Amino acid sequence: MIMHGVNLAAIDLNLLVVLNALLEERSVTRAARRVGLSQPAMSHALGRLRALLADPVLVREGRLMVPTLRAQAMTEPLAHALSALSALVQRPDVFDPSTATRTVRLASTDFAQAMVLPELCGRLQEVAPGVDVVVHPTSDGALGMLARGEVDLVLGPLRLADASTAIHHEKLFDERFVCLARAGHPLTRGRMTVERFAKARHAFIAPRGRRGGAVDDALEKLGFTRRVAFQSAQFLVAPYVVEKTDLVITIPERVARLFASVTGLATFAPPLELEGFAVSMIWHERTAHDGALTFIRGEVRRLFGPRGPGRAPAARPARHRRAARLP
């Protein structure tokens, strides 16, 4: 690094520590003792400083050593610079959630938001009241947001096959699909078959705005197609549309249970095998040792990891169980 004609890479920066001690002690002997050098080594270092600065630095006045005008002008800026460098390299304070103030930036699908954030924010209010949460919607570029430092943590079912080695991830839970329909819907009565299911009018959540997914793939393998009469990019409105129509929607089981608890919707197992997915938390190597983010990941893990209290209960036998082949 070159600044104003001086090549810092060619300078032994330890000389600045020596210079600071000399300027404060104004004695070669005391300065040597302070920085742990012998007196001859300190005298040699002073000679190197004089050559570097083209200035005597300290001159004798009777029994005392006094700084030159240039050295005197350097005293305060040098002390500030060394203090700043010391603060830069010292270890950060241990993160104390009860007193810390921090903003944590998450990127998450609306499904993961609905499943994770209520419990997580409630927990943070209890144990880390100064920690704020800002949520960004995920997209195909969520991993890029992590790499650029735009978010601290990603939650959701993301494809990680092509992720760089700097990307860390940890599975929180596995999810499977169930169906929702209004109470009294024809599909909730009688024997469920793939043909009946395919002929129904369907609602579909397309986060990226594109058709296709687990249901369409499974139907295609069996020689069926379905009609999607309603498509939305988000989960929020879908259950209320389904409740007022004869549409049926296939969605993750956890969010289906949430919607069924606040609406009159009925749940049932789909009559074909559908590939499930995993919800993970994902972070970048640069934040792996940050105290606050280590704490946040620990809380998410505690609440929603395989051993956490937020794990899904064992599935209950659903109606039409004989026709259902869930993963």
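**Notes on the predicted model**

1. Let me start with a cysteine: Cys 121 counts as partly exposed, at 35% relative accessibility. Do keep in mind while reading that this is a predicted model. Cys 179, for its part, is buried, with a relative accessible area of 0%. The count of disulfides comes to 0, taking a disulfide as a pair of cysteine sulfur atoms within 2.5 Å.

2. Next, the aromatic side chains. The whole structure contains 4 aromatic pairs. In one of them, the ring centres of Phe 95 and Phe 295 are 5.5 Å apart and the planes stand at 45°, so the pair is tilted. Phe 95 belongs to the loop between α4 and β5 (102-108), and Phe 295 to helix α11 (residues 291-304), so this contact ties together parts that are 200 residues apart in sequence. Phe 95 and Phe 295 are both buried.

3. Phe 111 and Phe 235 give another tilted aromatic pair, with 6.2 Å from centre to centre and 45° between the planes. Here helix α5 (residues 110-127) supplies Phe 111, while Phe 235 comes from the loop between β11 (227-232) and α9 (238-243), so the pair ties together parts that are 124 residues apart in sequence. Phe 111 and Phe 235 are both buried too. If you are colouring the rings in your viewer, please take in the wider group: Phe 111, Phe 177, Phe 235 and Phe 277 form one aromatic cluster.

4. A ring and a charge also meet in this model. The charged end of Arg 254 sits over the ring of Phe 173, at 3.9 Å from the ring centre.

5. On to the charged pairs. As background, side chains of opposite charge can pair when their charged atoms come close. The structure holds 19 salt bridges. One of them joins Arg 34 to Glu 24, with the closest N and O atoms 2.6 Å apart. This pair links distant parts of the chain, with Arg 34 in helix α2 (residues 28-35) and Glu 24 in helix α1 (residues 14-25), 10 residues apart. Arg 34 is partly exposed, with a relative accessible area of 41%, and Glu 24 is partly exposed at 44%.

6. Arg 34 has a further partner in Glu 25, and in that salt bridge the closest N and O atoms are 3.2 Å apart. Glu 25 is partly exposed, with a relative accessible area of 24%. Which residues make up the network here? Glu 24, Glu 25, Arg 30 and Arg 34 are linked by salt bridges.

7. Is the salt bridge partner Asp 216 buried or exposed? Asp 216 counts as buried, at 15% relative accessibility, because buried means under 20% relative accessible area. Its partner Arg 226 counts as buried as well, at 9%. The closest N and O atoms of Asp 216 and Arg 226 are 3.1 Å apart. Asp 216 lies in helix α8 (residues 214-221) and Arg 226 in the loop between α8 and β11, so their salt bridge ties together parts that are 10 residues apart in sequence.

8. Two backbone angles deserve a friendly flag. Most residues other than glycine have a negative phi. Arg 26, although not a glycine, has a positive phi of about 55°. Arg 26 is placed in the loop between α1 and α2, and at 40% relative accessibility it counts as partly exposed. Val 57 is not a glycine either, yet has a positive phi of about 70°. Val 57 is found in the loop between α3 (39-53) and β3 (58-61), where it counts as buried at 1% relative accessibility.

9. Arg 26 comes up again in a contact with a strand. Val 66 and Arg 26 are 40 residues apart in sequence and 6.3 Å apart in space, C-alpha to C-alpha. Val 66 has its place in strand β4 (residues 64-67) and is buried, with a relative accessible area of 17%.

10. Finally, the surface. Leu 85, Leu 88 and Val 89 make a nonpolar surface patch of about 340 Å². Of these residues, Leu 88 is found in helix α4 (residues 69-89). Leu 88 counts as exposed, at 66% relative accessibility, because exposed means over 50% relative accessible area.

Terms used: Residues numbered from 1 in each chain as written. Predicted model: local features only at pLDDT ≥ 70, side-chain atom pairs only at ≥ 80, totals over all residues. Heavy atoms only, no water. Patch = residues over 30% accessible without salt bridge, like charges linked within 9 Å, V, L, I, M, F, W, Y side chains within 5 Å. Areas by Shrake-Rupley, 256 points an atom, 1.4 Å probe, with all protein chains shown as cover. Salt bridge = Lys/Arg side-chain N within 4 Å of Asp/Glu carboxyl O. Helix = DSSP H or I, 4+ residues; strand = E, 2+ residues; numbered from the N terminus. Buried < 20%, exposed > 50% of the residue type's maximum accessible area, 1.4 Å probe, protein only. Phe/Tyr/Trp six-rings, centres within 6.5 Å; stacked < 30°, edge-to-face > 60°. Lys NZ or Arg CZ within 6 Å of the ring centre and 35° of its normal.
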